[in-house]
Amino acid sequence: MAGANGTAVLGGGALGLTLAYRLARAGERVTLYERETAAGGLAGGFPVMPESANGPWLEKFYHHLFRTDADAVALIDELGLGAKLTWSAPNSSILLGGKPYRLDSDPRSILALDPLPLPDRLRLGAGGALLKFLPSPEPLAGATAAEWMPRWMGRKAYEIIWKPMLEGKFGDRAGDVAMPWMWARAHYRTLRLGYVRGGFQLVYERLADAVRERGGETRFGAEVSAIQRDGDGLIVRSAAGDERYARVISTLPTRVTCRLAPDLPEDYRARYDWGEAYGAHCLILSLDRPLLPNDIYWLAIGDAGYPFLNAIEHTNFIGPEEYGGQRLVYFGNYVPMSHPVLRESPEEALARYLPGVLRLNPGFDRSWVRRMWGFAAPYAQPIVTREYAQHIPPHETPIPNLYVANMFQVYPQDRGQNYSIRLANRLAQRLLAARSVDSAVAPA
Ligand SMILES: Cc1cc2nc3c(=O)[nH]c(=O)nc-3n(C[C@H](O)[C@H](O)[C@H](O)COP(=O)(O)OP(=O)(O)OC[C@H]3O[C@@H](n4cnc5c(N)ncnc54)[C@H](O)[C@@H]3O)c2cc1C
């Protein structure tokens, strides 16, 4: 068995990579395990112009930052990628009755929402402003969005705008979604959006390099199959063999960590091996011309009968000139993890989506498609019910030196790169501060 006394970080997404980087930078011995062959997890990308060396990456699932994503912005700067971070306010809209309406907090956009009678538009605007300015979600604790929103933003606005959006993301569980989560969306989201030109993958590649430059090891393509107690230490089992560590930090979903660590006791599992998550699926089309009207970047589908939740024309945010002229459009869905969509080929998905694509643009023709890709991921969206907060575990587990740190601990904010990075920053700070205390009290 290979011997290592340092820290094993499980998972090479935003959280695991940031954590490994922070620990390695402070001189800790770190080994990172990642099942996939590349860095980035849910925010990872693929080379969208494979024919050109150093061509851009595109996220497998649409990604941008908000102005409030301070931890992500600071990390991007720290890694020397700040000059690539670009900000703009692309058109975000919702499709209602076949017509796109701008969906932002600008009073003019709200007043233009003519599917709603004027008094309902005013109520929607007032409710939105209340959420934006309410400094904390505390007064909303215990309420679901389905209870609070019709009461405060009007039943019609809820039925026409919010309910379809919640159903698109949470399916049958839409009625159970906690209002504090909805507060955080309204409170922290901004009209201006950020993107790292060349793809967020650059951030994750840079992090992996930075870990290695500081003496850490990164094991990509190494799926962890068990974590076992071994005295004070822990053994990590993977395709690379069994290795012993003084500390293991799992950034995998808590449910997955529970499955990998049989020594976690029953009472811990009863409380934290809990809840549901949906998988995500995206079909990406590379087209020879634009698809959506009005240069729309983000189109939430408010109308019934579409086979996808949203259509996102990435090249209406980051121009097609960055991608050799191709127009890149995502069609996204969140579904239960057993859903067959997650195993569909891109061709099968396009065949099923075609009537919806034609509703969006009746001129669309299959000959516009130059290439297509399909991506699916499990554990992509936690179902944030009102009980959710009580089932978020602390970082420490009952197994000494085994920690959990994952995006399922992000609440009430919607999970996002920024919050995984923040969580990694805070946990690293805590672990490193404890190390200083230990060395201060250790006998000379
Ligand atoms: C459709 C979609 C759209 C999104 N849009 C945005 C957006 O616009 N902006 C934004 O900031 N965020 C967005 N997000 C969220 C963002 O991607 C995540 O919050 C963030 O990437 C989570 O990082 P993480 O490291 O916590 O988790 P993950 O990225 O899930 O990382 C966990 C890692 O663990 C690995 N792993 C799993 N099991 C094992 C195992 N047994 N052994 C070894 N490795 C394993 C996985 O492969 C993965 O790489 C979006 C997510 C989705 C799905």
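**Domains, ligand shell and sheet**

Visitor: From which domains does the shell around the ligand draw at least three residues each?
Guide: This is a predicted model, in which local features need pLDDT of at least 70, side-chain atom pairs count only at pLDDT 80 or more, and totals for chains, interfaces and linings use all residues. Residues are numbered from 1 along each chain as its sequence is written. Domain bounds come from an automatic or database domain assignment. The shell draws at least three residues from each of domain 1 (2-55 + 200-275 + 385-441) and domain 3 (277-382).

Visitor: How many residues surround the ligand?
Guide: A residue counts as near the ligand if its C-beta atom, placed from the backbone, lies within 6 Å of it. The closest are Gly-11, Gly-13, Gly-41, Leu-42 and Gly-416, and the total around the ligand is 34 residues.

Visitor: How many residues of domain 2 are in contact with domain 3?
Guide: Domain 2 covers 105-188, and its centre, taken over C-alpha atoms, is 25 Å from that of domain 3. Two residues are in contact if their C-beta atoms, placed from the backbone, lie within 7 Å. On the domain 3 side there are 7 residues, and on the domain 2 side 7.

Visitor: In what order do the strands of the open sheet lie?
Guide: Strands are DSSP runs (E, at least two residues), numbered from the N terminus, and two of them pair if DSSP finds at least two bridges between them. Here 5 strands form the sheet with parallel pairing, in the order 11-3-2-15-21.

Visitor: Which residue of strand 15 is the bridge partner of Ala-8?
Guide: Strand 2 (residues 7-10) and strand 15 (residues 247-250) run parallel and are joined by 4 bridges. The partner of Ala-8 in strand 15 is Val-248.
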